[in-house]
Amino acid sequence: MKNYYTERYDKFWERQTKKYGISRYEKYLIHRIAKINPEVVFEVGIGNGCPIGTALHAKGIMVHGCDVSPRLAASARKNLECEDGIYAGELKDCSLSREYPMVYCVRTSWYIVDFEEVLHHMISLTESGGSLIFDIMEFESLYHLKYFISRIALAIKDKMFKMIGMESDKIPPLNFYRRRTIEKILMESQVQFCSYQERRITKSKDYWNTPKRVYVCKK
C-alpha cells in the first residue's frame, strides 16, 4: 500500500475501528457475505479483523485474509482464532494455494493506489461459481469534487505555512475509481455483478458525503 497510511497505518486503522463500530453499512455487508453461507472467506485488507471478520467469525465462518501491516495481521490471527490463513503483505505477494467461495474487500479500496490490479487478483482468488464483494469511492460522486477542492485549498495553505517556516495539517489522500473502469474489468473477466450506491443502503439523503458504491459479484 504505497500511500499516506504506510508509515502510520496501524494506529490509523485502530482509530477507524473504534470510530465506526458496526453501522447500518457494515451490517449490510456482513449480511451479504454471510448470505452466501460460505465455510471460509478471504478478506483483502483485513486489518485487525474488526468489525467484519469478527462478526463473520461469530457466525461460525472461518475468516482468512491479508493486510499490509504485520502488527494488524497478528491481531487478526488472535481475534479470529486463525493462525495459518492470515498473511502480512499485499495480496499479490501472498503464497495462496487455494481458491475461496467468497472473497471481499470492504472499506479499504480508497486507501489502495492500484485497486484495479488488486481486483484482478481477487477475481483469480475466487473459485468458479464463487462470490466477490467490494466497494469503491466513485470518481463521479459529489464527494470527489468536494475532496478535490479541499486538496487544492490544502496545497495553498501548505505553501503559505512553509513560507513562514511552519507545517500545516495534512488530509490523507484517498483514491477514487471510475465505474466504467471497474465494470470493464468485471465484464472482461466474465464476472456477473450488480452494484448499489451507499445511499440505498444507509438511507442517507446527503449526496455530498456518500461516495461509496458496493459491488456484489458472482464468478
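The exercises below work through a predicted model, each with a solution in steps.

**Exercise 1. Classify the ring pair of W110 and Y111, and decide whether each residue is buried or exposed.**

Step 1. Start with the method. A pair of aromatic rings is described by the distance of the centres and the angle of the planes.

Step 2. Count the pairs. The structure holds 9 aromatic pairs.

Step 3. Take the geometry of one of them. The ring centres of W110 and Y111 lie 6.3 Å apart, and the planes meet at 65°. Planes over 60 degrees apart count as edge-to-face, so W110 and Y111 form an edge-to-face pair.

Step 4. Check the accessibility. Buried means under 20% relative accessible area. W110 has 5%, so W110 is buried. Y111 has 7%, so Y111 is buried too.

**Exercise 2. Find which parts of the chain the pair of F115 and Y177 ties together.**

Step 1. Classify the pair. The centres are 5.9 Å apart and the planes stand at 55°, so the pair is tilted.

Step 2. Place each residue. F115 belongs to helix α5, residues 115-125. Y177 sits in the loop between α6 (142-163) and α7 (179-188).

Step 3. Conclude. The pair therefore ties together parts that are 62 residues apart in sequence.

Step 4. Add the surroundings. F115 and Y177 are both buried. They belong to one aromatic cluster with F134, F193 and Y215.

**Exercise 3. Locate the charges over the rings of Y100 and F139.**

Step 1. Look at Y100. R98 lies over its face, 4.5 Å from the ring centre.

Step 2. Look at F139. Over its ring sits the charged end of R178, at 3.7 Å from the centre.

**Exercise 4. Work out which residues of helix α4 are buried and how they are placed around the axis.**

Step 1. List them. In α4, residues 70-79, the buried residues are L72, A73 and A76.

Step 2. Use the arc. These residues cover only 100° around the axis, which puts them on the same side of α4.

Step 3. Turn to the other side. There P70 and K78 are exposed.

Step 4. Go past the end. Just after α4, E81 takes a positive phi of about 50°.

**Exercise 5. Compare three salt bridges: E90 with K92, E183 with R179, and E198 with K212.**

Step 1. Get the total. The count comes to 6 salt bridges.

Step 2. Take E90 and K92. Their side chains meet at 4.0 Å, N to O. E90 is partly exposed at 23% relative accessibility. K92 is partly exposed at 40%.

Step 3. Take E183 and R179. The N to O distance is 3.2 Å. Both residues lie in helix α7, 4 residues apart, about one turn of the helix. E183 is buried at 14%, whereas R179 is partly exposed at 30%.

Step 4. Take E198 and K212. Their closest N and O atoms are 3.2 Å apart. E198 lies in helix α8 (residues 198-202) and K212 in strand β7 (residues 212-218), so this bridge ties together parts 14 residues apart in sequence. E198 is buried at 8%. K212 is buried at 15%.

**Exercise 6. Name the residues of the nonpolar surface patch, and place L145.**

Step 1. Name them. L142, L145, F148, I149, I152, Y207 and W208 make a patch of about 700 Å².

Step 2. Place L145. This residue is in helix α6. At 43% relative accessibility, L145 is partly exposed.

Note on methods
Residues are numbered from 1 along each chain as its sequence is written. This is a predicted model: local features need pLDDT of at least 70, side-chain atom pairs count only at pLDDT 80 or more; totals for chains, interfaces and linings use all residues. Side-chain values use heavy atoms; hydrogens and water are left out. Rings of Phe, Tyr and Trp (its six-membered ring) pair if their centres lie within 6.5 Å; planes under 30 degrees apart count as stacked, over 60 as edge-to-face and the rest as tilted. Buried means under 20% relative accessible area, exposed over 50%, partly exposed in between (1.4 Å probe, protein chains only). Helices (H or I, at least four residues) and strands (E, at least two) are DSSP runs, numbered from the N terminus. A charge sits over a ring if NZ of Lys or CZ of Arg is within 6 Å of the ring centre and within 35 degrees of the ring normal. Patches are made of residues with over 30% relative accessible area and no salt bridge: like charges are joined within 9 Å, nonpolar side chains (Val, Leu, Ile, Met, Phe, Trp, Tyr) within 5 Å. Accessible areas come from the Shrake-Rupley method with a 1.4 Å probe; for residues, only the protein chains shown count as cover. The arc is that of the directions from the helix axis to the C-beta atoms.
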